[in-house]
Amino acid sequence: MSGRAGGRSETEPDLSEGELSREGEPVEPGRTVEPGRTVEPGRTVEPGRTVEPGRTVELSEPVRVGVAIIGAGAAGLYTALCAARAGARVALVSATPLAQTASYWAQGGLAAALAADDSAALHLEDTERAGRGATRRSAAEVLVSEAPLRVRDLLELGLSFDADRFGELALGLEGGHSVRRIIHAGGSATGRRMLRQLSALVVAQEGIVVLEGNGARAQSLLMCDGACAGLLCADGRALLADSVVIATGGAAALWSRTTNPPGSVGTGLLLAHAAGAHLADLEFVQFHPTAVIGVKGREGFLITEAVRGEGATLHDANGERFVDELAPRDEVARAIDLRLCETGARSVGLDMRSIDPALFPNVFSSLRAAGLDPTREVVPVAPAAHYTMGGIVTDLDARTSVPGLYAVGESACTGLHGANRLASNSLSECFVFGYRAAAAALSDRSGRSAASGAPIPVGTTAAVSQKIREALWSEAGLQRSEQGLHDLAHEEHPLVRMIALAALTRQESRGAHQRRDHPNIDPALDRAHLVIGADGLPSWEVWE
């Protein structure tokens, strides 16, 4: 499949014209509010409702919707669009303003077999090789076969992607991929561009109600007769829903050195587990090889591996190259960590001097703003926590072990990524499984009986201290040991304890999980996933 890179359609909202209502925006007297338009932080009004002069618009009663989605990253936004286009009334709940979630920072693109020399079979082979024997084949088969379809849908929605000189989609190369298959938007500004466009589409889409701001933070899930029946926001407002989708992202900001924004601390995982959902693969945390270190104002700033796909190289303190820069991420990160341990250095150098700045404008401009010119000097980099392969256990249609509750994106664990995620498969996952989540949420609700009682809130919150973050980096970083993990298992934070338990139980080294005391892969654990049940106890499951 090939496709035009696209551009703004006649009906696509123009963000430069202020289509997205901002927090605190006044509503003119007598103005009819459009469907899903945000009036003030966390407040929306019903479609077509007229605002009287001087009146404050509030939701005094619980909102009833078909599908409630927690999180407004790529997965949440696209799931909302898919559900609404299928006729559902949707509530999208975001603790931050739209277009400011973790997906905003994504520099990678979407992986899809679009080129003439590529195929779903080749994409599958690369995904399984990167996953180090732990990839769930059925999940990977879904991704590689459906990713091109989702790219086509995004183009039809009006999203714009980078084009070659012939106007066709420009395909990039990243670590672990055997051919060029990564599409970008604005070079390394893919996350920012896509979230702006998707957010505008959500605001314009009939049938979507948006609740945003800190008051809209999901505090707990509402349970009734063993099924999820909605959610409760931090400010006390309730959303009653036939289906709830968790799309809150991952937990990599639990580590002290991270590429993630502060809010990525696994909130959705804790909400789901408190409701009875199972978690899995928590020991598998990907450390991105090339995060900036030692540059004031840019600590942890991720430099996409697409720059290495275009020829950037890694060098030690002696100026020597020491790793295949396009190997899978776990391999490159371990090689850097080993070289730092051997030399006592704090960083290695990423040489981008041969790269055209026009290919990655936000990377070059961000570094220059911090006083470092990558066209003249090497960039100091070292690994940082970047992506959690583990999450809420789901089937291939995003269903969790709790009726009425679904999970997509980095919050979910289908087994797709195995022990090490293939670069740019994560954004593709958001769209492939977001589409499936919307379809399942709509089809499943007809088979569930009506609730017989009042919903009961269940949930848990946990503060994240700097001490906890430093302990995770020290004891559950790139290299782990039994003693360190035992110490970590006594931390107060419930998700940190579960991460330590999973890492202790997996007594081998595989992909992103490396044990000093168990340095080899255990073949008996191929395709085996460690599941943490609702009771907090671990068990092994083989996922085909």
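This report covers the cavities and salt bridges of a predicted model.

## Cavities

The model holds six cavities of 30 Å³ or more. The largest cavity encloses about 80 Å³ of space. Rolling a probe the size of a water molecule over the atoms shows where empty space is left.

## Lining of the largest cavity

Two elements each give at least two residues to this lining: strand 13 (285–292) and helix 7 (329–343). Helix 7 gives the most, with four residues. The lining includes Arg 329, Asp 330, Ala 333 and Arg 334. Val 285, Gln 286 and Phe 287 also line the largest cavity. The list is completed by Asn 420, Leu 478, Gly 511, Ala 512 and Gln 514.

By residue class, the lining of the largest cavity is mixed: five residues are nonpolar, four are polar and three are charged.

## Salt bridges around Arg 181

The count of salt bridges in the model is 33. Arg 181 takes part in a salt bridge with Asp 118, at 2.8 Å from N to O. This pair links distant parts of the chain, 63 residues apart. Arg 181 sits in the loop between strand 6 (171–172) and strand 7 (182–183). Asp 118 sits in the loop between strand 5 (110–111) and helix 2 (120–130). Both Arg 181 and Asp 118 are buried.

Arg 181 also meets Asp 126 in a salt bridge, again with 2.8 Å from N to O. Asp 126 lies in helix 2 and Arg 181 in the loop between strand 6 and strand 7, so this pair ties together parts that are 55 residues apart in sequence. How buried are the two partners? Asp 126 has a relative accessible area of 0%. Arg 181 has a relative accessibility of 0%. Buried means under 20%, so Asp 126 counts as buried, and so does Arg 181.

## Arg 321 and Glu 325

Arg 321 forms a salt bridge with Glu 325. The closest N and O atoms of this pair are 2.7 Å apart. Is Arg 321 buried or exposed? Its relative accessibility is 52%. The cut-off for exposed is over 50%, so Arg 321 counts as exposed. Glu 325, in contrast, has 5% relative accessibility and counts as buried.

## A salt-bridge network

Some charged residues are linked in a network of salt bridges. Its acidic members are Glu 146, Asp 395, Asp 397 and Asp 444. Arg 399 and Arg 436 belong to the network too.

Notes:
Residues numbered from 1 in each chain as written. Predicted model: local features only at pLDDT ≥ 70, side-chain atom pairs only at ≥ 80, totals over all residues. Heavy atoms only, no water. 1 Å grid on protein atoms, 1.4 Å probe; cavity = no way out; pocket = protein on both sides within 12 Å on 5 of 7 lines; lining within 4 Å. Points joined across faces, edges and corners; volume = space filled by probe spheres on them. Nonpolar A, V, L, I, M, F, W, Y, C, P; charged D, E, K, R; others polar. Salt bridge = Lys/Arg side-chain N within 4 Å of Asp/Glu carboxyl O. Buried < 20%, exposed > 50% of the residue type's maximum accessible area, 1.4 Å probe, protein only.
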